[in-house]
Amino acid sequence: MTRGGFEGLDACVHCGFCLQACPTFLATGDESDSPRGRIELMRALERGDLTADDAALAYHLDRCLGCRGCEPVCPSGVQYGHGLEAARARLTTARGVPRLARMALWALTTPGVSAVVYWFARVLRATGLPRLFAGWGRFRFAMGMLAATKPDGKRRYGTVRDGEGRRITPTVPYRPLPSLTVQLFRGCVQDGLFSHVHDATVRTLGINGYDVREVSGQGCCGALHAHAGLIDEARELARKNVDAFGDGEEPIVVNSAGCGAMMKEYGRLLGDERCERLAARVRDVTELLAGDAIKGPVPGAPLDLHVAYDPPCHLLHAQGVAVPPLKLFAAIPLLELVHVPGAAECCGSAGLFTLLEPEMSRAVLAAKIERLRVAAPQVVATGNPGCVMQIGAGLAAARVPARVRHPVELLDDSYRAAGRYE
Amino acid sequence: MDGLPTHRRLPDLVVLPGTREELIAVVRLLAAHDVPFVPRGAGTGLSGGALADEGSVLIVLTRLNRILKMDAGNRAAIVEPGVVNAKLSAAAQPHGLQYAPDPSSQSACTIGGNVAENAGGPHCLKYGVTANHVLALELLLADGTMVESGSPGGEPWGPDLVGLFVGSEGNFGIATKITVRLTPLPRAVRTMLADFNGLRTAGEAVSAIIAAGIVPAALEMMDQSCIAAVEDSVYAAGYPRDAAAVLLVELDGRNEAGVIAETEAVAELLRKSGARSVRIAASEAERERLWQGRKKAFGAMGRLSRDLVVQDAVVPRSALPQVLETICTIAKRYDLVVSNVFHAGDGNLHPNISFDATDPALKQRVEAASAEIMSTCIAAGGTITGEHGVGIDKLRYMPLIFDPESLGAMQAVRRVFDPKERVNPGKVVPVHACREWTSIRSAKFGMRNDDRQFNSAFPISHSTLEPVP
């Protein structure tokens, strides 16, 4: 009998080594808000000791970010994420999806509807009003999130000039590389509000020998649905993408960590070989750019920037991609990485979590923003749209003067300053 | 539930006070209504000491997690009970100091829990256990009164009440402020790994090092099944899988040259005692990896099996080789997986028995083997707990080493602090074995080997080892 993911929890011997890796436990100190406590609740749910309509069970499982920060510290290799997905599917069967989540999914991921929503959001963003309204309240935080998606336009940060005001360009000559075809995954939010990140992805990959192709017929990856417990809808979306990307051999490049993590799991989600093969082609953009781990990407021009790297949970924990983003920064001379304690802790965005559990989400974020205030970087770099918006909104609300950027945007700036695109 | 997989309890109520004042108010309210309560830190304990029954209130201290004062000049810090052990050391590190007692669970466990259990750890071989590092305590007794004990310098003013409180397993009250001693970080450290073909030879190597008059900072042993669990985990440290046992030895001191000389001497001793190879960590990163493997070994036991009995016996170091061999024989006779990971330098054994509790026949074998291992250790001149405490898990062994008079005396001391036995009831002293069995309440919270069912959402038997009704 298949246990739908609960079997991943069997290895837990309650040693408690996960507690300090859990952002929600750090926020509340309550065992029920810790991985170990939630595993006990999920086990009780599976055994039938607790029913899926138990209010306390739902309360604590809903408050889990799903960041999976507990997995890499677990000595027994408990598959917490799989267990959580199984438990949430049961909760969703029992009580349906909260109306707010349903509305958000409809507005953000339904083709046709979302196009209008994103168009309106971009118009609002262009007025500059969201930035002025940014704050901690529900509406103001949403404004801050929207403001954080705004591209920097013509402004360039950190370009270095010599005594006569000329840009300093790298001495390493650039030779065009033999090109390899890759397919670009556009996603929903990433495509609607972060098309500039897609542009930077195409350009930087081009310099590093990748010919990026557009793929029609693709759509949302289904991660938000899977996290909300809507497994069937997630499967439907996944199937659509599998059909769109076809059976070729080309890598599929993803620049949103949440989507990448989901797509790498398509094999498990759909349980067939074709999806397994597709999942094996998925690469985070930083993995492709870093190429072989020794050389890293083609270097760019120096940028005089202090950057704090905030690894997205779905890149670091779910995909296990830790080093490639650092290779990107290493390809930008002069750029200095600022150490921020607890950078690997979740920012509290976690897909729809920021919308559904604002209280916990802000509590988790506030700790990170405070540490960023102390570290005072000029730019916070992170490779996931949710994290960009969440951290951006937090910085704006706390009036901490730092911008949030995708790592490829920084590399893109560096290449532009180097004249690589001329 | 805590770090011990075999016991579960469901309290009637859980309280998470956010400040010292709230904690005091809660305890006074409970005193007014005569309700028993159990203090709990991070719940990493391995004797069930922080489990609360039906009828009691669980007071969780994780939110009292402030370091109140870092006094580098006097090498002391004042902390609240919920401060995480490793975080205290991290905060002391910029001052060139550390909090020396380092239980394997230090990344999660709290100082309050360390004080209650008198926690040990690998480096306690040289630096001493928690009791050697607590200078003063502010205590909240069961009836709600506040008491201060100890002194800033650590020298007791009057009887050593701090010494009495540390290790009282939550039976005397709650420590609300803890003044700890901080120790200078060693200037030179060397860590080495030696692997052996036999548990016995490894045990003999331990005796050889101690007999040579060398005091390592730590001297730890892991056996083959433990090595396999660690090497399969994210904390893989490169321990040789084909070794019957490995020894992790650390030497530290004030100057490089002295430590290097001592390292060479120990390496030589290890080789002479039959080590197949001796590897000295070449970098800080390698050293850290060797240690992480050891410290996360208990957590990795889930890779062997879902259920686990954890033991904590101490034997004279000279008896180690013989006791280890006997444990092996017992494991073979009962056809069980026994993993040994322990503080060899202290003679503090942790034989862990992995099993699947859903198999009743297996449970009986585990029970019988545990009892046999424990009596082997006692027969060798040892005792039933080195650092995990008695809690509820080792209650049944207490009458094996103490006569009723001694147990009665322990209970009398406890009643000085808590006359009604309301704090952490039913732990440490098995009242049914005690001649001074006076109150009905004590009986109620005494050794719980009855098969009473809970009327709760978690209908789980008390212990996977207790008889199935």
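Visitor: Which residue stands opposite B:Phe355 in β19(B)?

Guide: B:Phe355 is found in strand β19 (residues 351-355) of chain B, where strands (E, at least two residues) and helices (H or I, at least four residues) are DSSP runs numbered from the N terminus. This strand runs antiparallel to β15(B) and is joined to it by four bridges, and two strands are said to pair if DSSP finds at least two bridges between them. Across from B:Phe355 in this arrangement is B:Asp307.

Visitor: What pLDDT do local features need in this model?

Guide: Residues are numbered from 1 along each chain as its sequence is written, while chains are lettered from A and ligands numbered from 1 in the order in which they are written. This is a predicted model, in which totals for chains, interfaces and linings use all residues, side-chain atom pairs count only at pLDDT 80 or more, and local features need a pLDDT of at least 70.

Visitor: Is B:Phe355 buried or exposed?

Guide: A residue is called buried if 20 or more other C-beta atoms, placed from the backbone, lie within 10 Å of its own, exposed if 12 or fewer do, and partly exposed in between. Leaving aside neighbours within four places in sequence, B:Phe355 is in contact with B:Ser305, B:Asp307, B:Leu336, B:Leu362 and B:Val366, contact being defined by C-beta atoms within 7 Å. Because B:Phe355 has 22 C-beta neighbours inside 10 Å, it counts as buried.

Visitor: Which residues of strand β2 of chain A point to one face and are buried?

Guide: In a regular strand the side chains alternate between the two faces of the sheet. Strand β2 (residues 210-213) of chain A shows this alternation, with A:Asp211 and A:Arg213 pointing to a face where they are not buried. The other face, which is the buried one, belongs to A:Tyr210 and A:Val212.

Visitor: How far apart are the C-alpha atoms of A:Tyr210 and A:Gln183?

Guide: β2(A), the strand of A:Tyr210, pairs in the parallel sense with strand β1 (residues 180-184) of chain A over four bridges, and A:Thr181 stands opposite A:Asp211. Leaving aside neighbours within four places in sequence, the contacts of A:Tyr210 include A:Leu180 and A:Val182. A:Gln183 is 27 residues from A:Tyr210 along the chain, yet their C-alpha atoms are separated by 9.6 Å.

Visitor: Around what arc do the buried residues of α6(A) lie?

Guide: Helix α6 (residues 113-126) of chain A has 14 residues, and A:Ser114, A:Tyr118, A:Ala121 and A:Arg125 are buried in it. The opposite face carries exposed residues, among them A:Trp119 and A:Phe120, while what covers the buried ones includes α5 (99-109) and α8 (138-148) of chain A. The buried residues are on the same side of α6(A) because the arc that they cover, taken from the directions from the helix axis to the C-beta atoms, is only 60°.

Visitor: Which helix gives the most to the largest nonpolar core?

Guide: A nonpolar core is a set of buried Ala, Val, Leu, Ile, Met, Phe, Trp, Tyr and Cys residues joined through C-beta atoms within 7 Å. The largest one has 266 residues, and those with the most contacts inside it include A:Val253 and B:Ala194. With eight residues, the helix that gives the most to this core is α21 (residues 385-397) of chain A.

Visitor: Which helix gives the most to the side of chain B that touches chain A?

Guide: The contact takes 30 residues from chain B and 22 residues from chain A. With three residues, the helix that gives the most to chain B's side is α10 (residues 297-300) of chain B.

Visitor: How many C-beta neighbours inside 10 Å does B:Arg75 have?

Guide: Most residues other than glycine have a negative phi, and most peptide bonds are trans. B:Arg75, in the loop between β4 (67-71) and β5 (76-79) of chain B, has a positive phi of about 50° although it is not a glycine. B:Asp34, in the loop between α1 (20-32) and β2 (37-40) of chain B, also has a positive phi, near 60°, and is exposed. B:Arg75 counts as partly exposed because its number of C-beta neighbours inside 10 Å is 16.

Definitions and conventions. Contact = placed C-beta atoms within 7 Å. Expected span 1.5 Å × (residues − 1).
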